[in-house]
Amino acid sequence: MRKDIKYMEYLQNNQNINEGKSLKVFVCAKKAAEITHSIALAQIKVKKIEAIIMTNNKEEMWNILQKELAIYTRVINSTTAITGIQVHCIDKEFYEKITPQELSNQLHTLQGFIYLAEGAKIAGKQVFTVCLKSLLKETKLFTESELALL
């Protein structure tokens, strides 16, 4: 089996394992952003991404993904310990194998990170983080050590 196929399987398995926790982080991040009234910019970006997802155009989805990853890679990689998600560079051959559905899934994940990043930036890291930690703690999915990483 080729190395890139094994890597794709590894990524898919990790994505499935971490999906529950990362989804809960994003739901709580959106709720914390709403509570702290800091979602205006995030909503604009999320609506734009949603419109592109609806086109199911692989090239457009890829372009918006790359544009937003240029902005949010640091945030994504800084939360890997609790979300299990990390940005990796890929080559053109790997891109060719990605389906529009996989790009759609990645864009939906990115939307959660946008809420997380913009909420933290706009509302003031301290207030947003306290609110987010409180919401995540209520889910009982995260340990105190994981919450301390925020």
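## Close-ups of an all-helix model

**Figure 1. The whole protein has eight helices and zero strands.** Helices here are DSSP runs of H or I with at least four residues, strands are E runs of at least two, and numbering starts from the N terminus. This is a predicted model, so local features need pLDDT of at least 70 and side-chain atom pairs count only at pLDDT 80 or more, while totals for chains, interfaces and linings use all residues. Residues are numbered from 1 along each chain as its sequence is written, and side-chain values use heavy atoms, with hydrogens and water left out. Read from the N terminus, the order of elements is α-α-α-α-α-α-α-α. The protein has 150 residues, and 37% of them count as buried (under 20% relative accessible area with a 1.4 Å probe, protein chains only; over 50% is exposed and in between is partly exposed). About 9,000 Å² is exposed, with 57% of that coming from carbon and sulfur atoms (Shrake-Rupley areas, 1.4 Å probe). Take the contacts (heavy atoms within 4.5 Å) between residues at least 6 apart in sequence: 77% of them join residues at least 24 apart.

**Figure 2. Here's the largest nonpolar core, with 37 residues.** Such a core is a set of buried Ala, Val, Leu, Ile, Met, Phe, Trp, Tyr and Cys residues joined through side-chain atoms within 4.5 Å. L107, L110 and L132 touch the most other members. At least two core residues each come from α1 (3-35), α2 (40-55), α3 (58-78), α5 (92-97), α6 (100-123) and α7 (125-139). Zoom in on L107 and, skipping residues up to four places away in sequence, you'll find it touching I49, I53, M61, I64 and L65.

**Figure 3. α2 packs against α3 at about 155 degrees, with the axes 9 Å apart.** Axes are lines fitted to C-alpha atoms over the stretch in contact, and angles run from 0 to 180 degrees between N-to-C directions. The pair is therefore roughly antiparallel, a label for angles over 145 degrees. On the α2 side, K45, K48, I49, I52, I53 and T55 meet E60, M61, I64, K67, E68, I71 and Y72 of α3.

**Figure 4. I98 sits in the loop between α5 and α6.** Loop or not, I98 is buried, at 5% relative accessible area. Neighbours within four places in sequence aside, I98 contacts K58, W62, I90 and L103. With K58, the sequence gap is 40 residues, yet the C-alpha atoms are 8.8 Å apart.

Key. Parallel < 35°, antiparallel > 145°, perpendicular 65-115°, else oblique.
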